[in-house]
Amino acid sequence: MTAEMTMTDIRFLAPETLDDAISAYAAAQGAARILAGGTDLLVQMRNGVARPGVIIDIKGIGELTDIAEGADGSFTLGAAVSGAVLGEHPRFGTVWPGVLEAINLIGSTQVQGRASAGGNLCNASPAGDSVPAMVAAGAVVTVQGPKGRRQLAVEAFPAGPGRTNLAPGEIVVSFTLPPRPPGSGDAYLRMIPRTEMDIAVVGVGVNLTLADGVVTAARVGLGAVAPTVLLVADAGRALVGSRLEDAAVDAAAAACRAACNPIDDKRGTIAYRVRAAGVLLRRSVAIAAERAGRN
Ligand SMILES: Cc1cc2nc3c(=O)[nH]c(=O)nc-3n(C[C@H](O)[C@H](O)[C@H](O)COP(=O)(O)OP(=O)(O)OC[C@H]3O[C@@H](n4cnc5c(N)ncnc54)[C@H](O)[C@@H]3O)c2cc1C
């Protein structure tokens, strides 16, 4: 541990290795919280929702702050990489423009300088913007804890609003996004009642691969309309084999509407959210297809 500072009732640790972070997390026996950008955690602490005895800052750990492109074209993003740093990567936004757009929708410029995709996923809001795009991308999340390392699909990570399938003591290490076949494109769109700095009432991520105008692979992630972000497999199936004719896109939109199980609140009624899910599916498909045509 390089930095340790004791405040009145909170210990702040800044380990330089993942093993040290995991040991400290286990030693705290449930009293610790992981800190990435802090844009959720510090708000929760200020509101009294979170009262950690120990804070473990993971931003000094190399593996959690690296962005690596593999020889096969896959990308591995450290869980604590901020949206601002990811936006400056020379290749990531070219290969995964939809994922980058989703991450860069999080908050303001100030928030962007801190907020991470790992924090967005672990906060487990059904409206987390990066999550539907990661689901559409087929991203896999690597986690490590006292019992070792394991991987799970992003869509298998949230367990409910504010709850995850992390085992006690586990930390999210990285996201792995698969290699892109030629003819691939992705997109993420959200609906917010205001023009900026708001929480999505619907978010749709679409990832397509086309060959000679025919969709050969399609994944759709849907956010803010159910207790967790969803992979809408039926929507992907409706698109595969099509040339994105109206009937196929209509079927995919219907699958998104059918997958919705939203809340009804001041941001949007159930009927509005369900309808908007279909509209955003169509628009996201059009953007992803246009991008696929360029690659
Ligand atoms: C003004 C403002 C605007 C916002 N706008 C948006 C928005 O438009 N869209 C949106 O989706 N969100 C938004 N948010 C919420 C927040 O910025 C995001 O959820 C962000 O991605 C959180 O990332 P972070 O790195 O700051 O997480 P932190 O606050 O550091 O952590 C969030 C939670 O995850 C845990 N955690 C973090 N990293 C790990 C890890 N690697 N392993 C295990 N646990 C971990 C923490 O203990 C904490 O419980 C906004 C927040 C603010 C303050």
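**Exercise 1.** Which strands does helix α9 lie across, and at about what angle does α9 run to β14?

*Solution.* Bear in mind that the model examined here is a predicted one. Begin by locating helix α9, which covers residues 130–137. Next, follow the strands it lies across, namely β12, β13 (202–211), β14 and β15. Finally, take the direction relative to β14, to which α9 runs at about 155°. Helix α11, made of residues 246–259, can be treated in a similar way: it lies across β13, β14 and β15, and its angle to β14 is about 25°.

**Exercise 2.** Work out the order of the strands in the open sheet of four strands, and find its edges.

*Solution.* The order is β12-β13-β14-β15, with antiparallel pairing. The edge strands are β12 (184–191) and β15 (230–231), each of which pairs on one side only. Looking at one of these edges, β15 is joined by two bridges to β14, residues 214–223, and Gly221 has Leu231 in β15 as its bridge partner.

**Exercise 3.** Explain where the ligand shell lies with respect to domain 1 and domain 2.

*Solution.* First consider the 30 residues around the ligand, of which Ala36, Gly37, Gly119, Asn120 and Cys122 come nearest. By character, the shell divides into 16 nonpolar, 10 polar and four charged residues. Then turn to the elements that each supply at least two shell residues, which are β3 (32–35), α2 (41–46), α8 (117–123) and β11 (171–177); the largest share, five residues, comes from α8. Because domain 1 (3–57) and domain 2 (62–177) both give residues to the shell, it lies between them.

Notes: Residues are numbered from 1 along each chain as its sequence is written. This is a predicted model: local features need pLDDT of at least 70, side-chain atom pairs count only at pLDDT 80 or more; totals for chains, interfaces and linings use all residues. A residue is near a molecule or strand if its C-beta atom, placed from the backbone, lies within 6 Å of it. Ala, Val, Leu, Ile, Met, Phe, Trp, Tyr, Cys and Pro count as nonpolar, Asp, Glu, Lys and Arg as charged, and the others, Gly among them, as polar. Domain bounds come from an automatic or database domain assignment. Two strands pair if DSSP finds at least two bridges between them. Two residues are in contact if their C-beta atoms, placed from the backbone, lie within 7 Å. Axes are lines fitted to C-alpha atoms, for helices over the stretch in contact, and angles run from 0 to 180 degrees between N-to-C directions.
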